[in-house]
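Student: I am new to this structure. Please show it to me, and then we can talk it through.

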Amino acid sequence: MQYTHLGRSGLKVGRLALGTMNFGDATDAATSFTIMDAAVDAGINLFDTADVYGGPQSPDMEQGYGLSEEVIGRWLAQGGGRRDKIVLATKLYQPMGLGPNDKYLSAYKIRRAAEDSLRRLQTDHIDLYQMHHIDRSTPWEEIWQGMEQLVREGKITYVGSSNFAGWQIATAQSEARARHFMGLVSEQSLYNLTARTIELEVIPALRHYGIGLIPWSPLGGGLLGGVLKKTASGRRASAQMQQTIERHRPQLEAYEKLCAEIGEQPADVALAWLLNNPVLTSVITGPRSPEQLTAGQKALDVRLSDDVLKRLDEIWPGPGGEAPEAYAW
């Protein structure tokens, strides 16, 4: 495993991170345990989850929420030094109940959400506590007050964001600096060859403030994982995926042809393209089996030439660079 700093912090994490959104739903506990054991053996130390992960929700909101954290907690409870081998990351923001204060980022919700996550995870601290979305109704002085209190109590160590716009990242950091607080060390954003909007303003903001990028959906929901070859070999795709395939068929054909030319699997090329970005810290992969976890590690050894990178830009064009040059002139 290759390691790098989490943003400008002194903490080092693997270039591949374990996403656990499927734990408790698509992946049962026993298989999840096997995947986590295999991840540690492979040197993957960043484990990412969220309080809302866990599967279908019931109308009374008493099932589904928190299941991923609970699975990880049961794995950690087995001991053997597991907790000290991982950097544990979770998130808050989404509704976790039907009450008016069971969602978003008030100081009240931050305290309760952290305590609930700690209980489910069966640990005394969260290494990276991430805001799952921007809360437009709560002032930053209140958000940072809530996070600072958790840091003082030793319940969290670092703070991250997810799905923030560039100007929201800048605002958050300006408010944190005024409080002499470190602020954000990472941002999780939708980013892959098919979704490059964050190149306009989010990535420049992250580079300026020394915040590490952690992309989610690196394979575009499976679109970049060799989907044409898989469907041709008899693996059926959902109706929605079939529509997406047809919409992007010329690009997919060119992409998979390029991957074949350089002798690499499409999924590995998609991950390697992300890892080529200097702002990027780790790529989140969400394996449903130990075999998928092992397969994803090949991307660390893939080197893309300048010519291949240029051809990828031609197949999957971005927004044209950074703002404002991308649209101003």
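Student: Is Serine 68 buried or exposed?

Tutor: This is a predicted model, where local features need pLDDT of at least 70, side-chain atom pairs count only at pLDDT 80 or more, and totals for chains, interfaces and linings use all residues. Residues are numbered from 1 along each chain as its sequence is written, and side-chain values use heavy atoms, with hydrogens and water left out. Buried means under 20% relative accessible area, exposed over 50%, partly exposed in between (1.4 Å probe, protein chains only). Serine 68 has a relative accessible area of 0%, so the residue is buried.

Student: Which residues does Serine 68 touch, not counting residues up to four places away in sequence?

Tutor: Contact means heavy atoms within 4.5 Å. Serine 68 lies in helix 2. With that sequence limit, its partners are Thr20, Phe23, Thr49, Tyr53 and Gly54.

Student: At what angle do helix 1 and helix 2 pack?

Tutor: Helices are DSSP runs (H or I, at least four residues), numbered from the N terminus. Axes are lines fitted to C-alpha atoms over the stretch in contact, and angles run from 0 to 180 degrees between N-to-C directions. Helix 1 spans residues 29-41 and helix 2 residues 67-76. Their axes are 10 Å apart, and the angle is about 60°.

Student: Why do the buried residues of helix 13 line one face?

Tutor: Those residues are Val308, Leu309, Leu312 and Ile315. The arc is that of the directions from the helix axis to the C-beta atoms. Seen down the axis of helix 13, the buried residues line one face because they fall within an arc of 120°.
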